[in-house]
Amino acid sequence: MIKLIPRAENSKAMIILSPIIALTLTALSALVIFLFILEDIPVSSVFFTLFAEPLLDSYYFSELLVKATPLMIIGLGLSIGFRAGIWNIGAEGQFVMGGIAGGAVGLYFYNVEGFWLLPLMAIAGILGGMLYASIAAFLRIKYQVNEILVTLMLTYVAVLFLQAMLQGPLRNPSGFNFPESRMFHDSAMLPIIWESTRLHIGLIVAILLSFLAWFGIKKHMFGMQIKISGSAPRAAKFAGFDDNKTVWYSLLISGGLAGLAGLFEASGPAGQLTPGLPQFYGFTAIIVAFLARLHPVGILFSALLIALSYVGGENVQIDYNLPSSITQIFQGMLLFYFLACDILIKYKVVLFKKNN
Amino acid sequence: MKYQLEISNITKSYGDLKANDDVSLSIKSSSIHALLGENGAGKSTLVKIIYGSLMPDAGQMKWAGEKYSPKSPFEARENGIAMVFQHFSLFESLTVEENIILGLDKVGLNENFTDEILKYSKQYGLDVNPQQVVGDLSVGERQRVEIIRCLIQNPKLLIMDEPTSVLTPQEVSDLFVTLKKLADDGCAILYISHKLEEVREICSEATILRGGKLVQSCIPQEHTQKELAEMMIGKKLTELARSNINIGSDIFSIKNLSRKSDDMYGVHLHDISLTMKQGSIVGIAGVAGNGQDELMELLIGEKSSEDNVLTFDGEDIGSLNSHERRQLSMFFVPEERLGHGAVPDMTLDENMLLSRPESEGMTSNGVIDWKAVSSFSEQVISDFDVQTPSSRMLAKSLSGGNLQKFMVGRELIRKPKLVIVAQPTWGVDAGSANNIHQSLISLADQGSAVLIISQDLDEILSLCEQIHVLSEGSLSDAVDMKKDGLEKISQLMVGGQKS
């Protein structure tokens with residue numbers, strides 16, 4: 001028989017070991033799956049394409065970083081809300097709204113050159129995401145409406161709103177009626193930080209944001225407020241924290257960062273607003289945040305890991321004709337094993353004989 | 001001599017911890033046998049072994065002379081062992097009769113038990129109405145339902161876990177009449193308690209455990225209360241006494257505080273007034289659920305009050321939150337440890353920050369100085385004798401008594417002008433309770449005001465010089481102990497007229 005017994009103190013060894021165990025288990029499970037579905041192809045070459053190639057080939061590696069950037073930025077925002085027990089599931093919608101708001105500013109100043117344009121677009125993107133998330137904050141505080149439902153449902157509204165805008169005010173006037181905006185002009189495009197790739201300055205912003213978040217969470221009362229409100233609401237009141245403010249902070253920060261990521265996507269890799277702007281980053285970032293145990297610096301790494309599964313998944317799809325759902329299977333297994341292994345931080349496993 | 005239950009050399013370990021180490025005791029039929037010990041002494045483990053919910057690692061038991069090793073509580077009940085738990089397991093929305101039927105092992109729901117219930121109710125003075133809904137009953141009445149539920153199974157041994165901790169003095173003496181009658185009728189009773197005066201009053205034998213080991217079996221009447229307590233904790237108790245009573249001017253007052261509760265099952269507070277002076281210890285007695293939680297929320301500042309209701313040191317504090325109140329030197333210890341006064345999943349250092357006067361330098365402009373925080377929590381740990389390996393332990397890993405010492409220490413180390421404590425020794429072992437009481441007294445000796453809200457009447461009586469009773473949301477005037485005494489308090493606690 002196996003029994004889980006609570007530890008008095010969190011196990012430091014397990015904090016490090018648990019991700020390694022989880023990764024190993026994911027790889028083993030993948031092996032089993034491949035053994036079943038692969039017929040003529042050697043498993044080793046699929047593994048290589050999936051896990052190693054994106055890290056060894058410079059183009060694939062740059063794409064990996066491009067995909068990791070929005071995951072990092074959104075994941076950081078979500079992790080703050082999740083610490084407080086505010087479940088913003090609709091980062092995807094805030095991402096889209098940020099893209100629309102920031103993109104609209106860029107299109108309004110079409111062909112106007114100026115260093116101020118990108119910061120202005122970034123601010124508009126943040127505000128777009130914040131305003132959209134504030135609907136959920138307002139409804140939760142005023143009418144106790146569950147923020148999970150509100151944010152999730154508003155995601156679909158945002159996606160439809162994007163389509164409406166692309167068929168109306170934001171449509172390219174000389175675009176043959178395709179539902180797409182104009183391509184952004186140079187001043188509205190993010191600077192590229194790795195020549196001849198799509199890797200843009202957003203990655204640096206993401207890294208800076210992660211250290212800012214780390215400071216706020218570990219070294220500032222703001223982090224304590226968020227953490228205490230999340231794990232013991234009555235204790236938060238005892239400490240003199242206003243629980244309504246916690247809701248506002250959580251949703252505004254996560255919404256604002258999702259909006260920023262949306263703008264970065266539009267004025268970075270996409271270069272225009274298209275119906276294809278939402279790419280599930282808002283949902284995948286939830287996995288990213290949990291894989292990092294909501295740790296702001298850890299999110300940088302978990303975003304890279306998930307981005308690896310995106311790029312590797314696309315490659316095996318192209319090279320070996322494997323289904324694209326491979327990527328999702330991976331992400332799902334990874335999260336599953338991570339959450340399971342994290343139990344070992346707080347509990348130890350004891351084997352004992354059943355005595356009758 | 002006939003023994004109903006004989007336990008020999010029981011040992012039970014959890015990992016490295018020996019919860020019971022070679023414990024033996026024998027319970028005679030028709031006797032009330034006390035099981036005494038601090039929290040963590042191994043009382044619950046022993047009881048769980050008797051009741052079949054735990055298996056011992058070594059040792060054996062005999063039931064009426066026969067070998068007895070129950071594998072489940074069901075088997076224990078079949079043998080005639082019944083137990084009344086400290087926390088009742090009753091469904092509030094069901095009637096007394098339905099609750100009793102649900103507790104029985106082999107009965108269909110449609111059988112009629114009214115007559116049976118009334119029979120026991122009459123025979124043992126357990127006054128209940130079988131058709132009443134449990135949600136409407138007082139704590140004392142609920143306990144009677146639990147007892148009847150046990151009696152219906154004709155037990156030979158009744159185990160009672162801390163039965164008097166929530167009862168009024170009148171209810172306690174009613175309970176004792178019932179227990180004595182039960183014992184006279186041949187039922188053995190194992191009475192678990194830390195209230196030594198009660199044990200001396202009704203128990204004919206006592207077994208004392210400490211740290212999982214048997215300390216002594218004795219006849220409680222042959223020892224004083226203090227001797228029993230010292231056997232329990234294994235060291236000498238400090239005699240509680242104030243060394244310096246120096247009552248100063250008014251420091252805190254509540255004026256005509258009324259508040260409708262937002263909660264459906266909450267208690268409305270009516271017209272509460274109270275004035276406290278520097279250097280005084282004031283007690284608010286009363287049975288749980290009479291408005292203590294609602295009052296505490298307003299005093300801490302978790303809910304704001306109207307203008308000119310709460311005055312501290314000449315300042316209207318009604319609209320200040322708890323953090324702002326602390327800056328004026330008001331500190332609080334709430335009743336609930338885990339989840340209210342402390343966050344279970346956070347370290348002691350982090351919990352230190354729940355209460356943070358800005359003058360102390362633990363934070364500046366919101367930036368936390370973790371070194372300063374640790375040095376404060378280390379100081380609390382050493383000054384208040386908190387047993388923990390370090391200040392980085394999670395709050396939930398501490399025993400109730402140790403966490404309570406930490407929480408009381410966290411507030412008292414600031415030498416507050418006013419401290420408001422709710423149930424300071426609830427579920428705390430005798431040694432820790434003694435420490436906590438002593439620290440509250442010495443705080444008052446230094447000129448601070450102390451307000452104690454407690455259901456434990458002994459605690460209020462031994463500490464406070466001014467006593468009020470909270471009943472159904474109303475606060476009595478101070479009770480004149482010399483003139484009216486305990487009887488008046490008892491009467492006020494069950495909802496007598498406001499004096």
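Here is an informal walk through a predicted model with chains A and B, from a sheet in chain B to the contact between the chains.

**The mixed sheet of chain B**

Start with the open sheet of 6 strands in chain B, which has mixed pairing and runs in the order β16-β19-β20-β13-β21-β22. At its edges stand β16 (330–333) and β22 (474–475) of chain B; each has a single partner strand, so one side of each is left without a neighbour in the sheet.

Two helices of chain B pack on this sheet. Helix α9 (residues 292–300) of chain B touches β16, β19, β20 and β21 (466–471) of chain B, and its direction makes about 155° with that of β19(B). Helix α13 (residues 400–412) of chain B touches β16 and β19 of chain B, with its direction at about 175° to that of β16(B).

Strand β20 of chain B is worth a longer look. Spanning residues 449–453, strand β20(B) is mostly covered, with 5 of its 5 residues buried. Which residues point which way? B:Ala449, B:Leu451 and B:Ile453 point one way from β20(B), while B:Val450 and B:Ile452 point the other way. In a regular strand, side chains alternate between the two faces of the sheet. Here, the residues pointing either way are all buried. For a residue to count as buried, 20 or more other C-beta atoms must lie within 10 Å of its own.

Now for the partners of β20(B). Strand β13 (residues 281–285) of chain B pairs with β20(B) in the parallel sense over 4 bridges. Strand β19 (residues 418–422) of chain B also pairs with β20(B) in the parallel sense, over 5 bridges. B:Leu451 in β20(B) has B:Ile420 opposite it, and B:Val282 stands opposite B:Leu451 too. B:Ile452 in β20(B), for its part, is the bridge partner of B:Gly283. There is also a helix in this story: β19(B), helix α14 (residues 430–445) of chain B and β20(B) make up a right-handed β-α-β unit.

**The antiparallel sheet of chain B**

Chain B also has an open sheet of 4 strands with antiparallel pairing, in the order β12-β11-β14-β15. Its edge strands are β12 (269–277) and β15 (315–316) of chain B, each pairing on one side only. Strand β11 (residues 250–259) of chain B and β12(B) run antiparallel and are joined by 6 bridges. One example of a bridge partner is B:Leu269 in β12(B), which goes with B:Arg259.

**Residues to look up**

Two residues of chain B have a positive phi without being glycine, and the table puts them side by side.

| Residue | Phi | Strand | C-beta neighbours within 10 Å |
|---|---|---|---|
| B:Asn9 | about 55° | β1 (residues 3–14) of chain B | 14, partly exposed |
| B:Asp271 | near 45° | β12 of chain B | 12, exposed |

Why does B:Asp271 count as exposed? B:Asp271 has 12 other C-beta atoms within 10 Å, and a residue is exposed if that number is 12 or fewer. B:Asn9, with 14 C-beta neighbours inside 10 Å, counts as partly exposed instead.

Then there is B:Glu66, placed in strand β5 (residues 66–68) of chain B. B:Glu66 is exposed because 8 other C-beta atoms lie within 10 Å, under the cut-off of 12 or fewer. B:Glu66 and B:Gln4 are 62 residues apart along the chain, and their C-alpha atoms are separated by 9.8 Å.

**A helix pair in chain A**

Over in chain A, helix α5 (residues 117–143) packs with helix α10 (residues 243–270) at an angle of about 145°, their axes 6 Å apart. The crossing of α5(A) and α10(A) is right-handed. The residues of this contact divide into 16 nonpolar, 11 polar and 1 charged.

**Where the chains meet**

How many residues are in contact between the chains? On the chain A side there are 17, and they contact 25 residues of chain B. Both α8 (221–231) and α9 (233–238) of chain A supply at least two residues each to the side that touches chain B. The largest share of that side, 5 residues, comes from α8(A). By class, the side of chain A that touches chain B has 9 nonpolar, 4 polar and 4 charged residues.

Key. Residues numbered from 1 in each chain as written. Chains lettered and ligands numbered in written order. Predicted model: local features only at pLDDT ≥ 70, side-chain atom pairs only at ≥ 80, totals over all residues. Axes fitted to C-alpha atoms, helices over the stretch in contact; angles between N-to-C directions. Left-handed = near helix turned anticlockwise from the far one by under 90°. Nonpolar A, V, L, I, M, F, W, Y, C, P; charged D, E, K, R; others polar. Pairing = 2+ DSSP bridges. Right-handed = clockwise from strand over helix to strand, strands pointing away. Contact = placed C-beta atoms within 7 Å.
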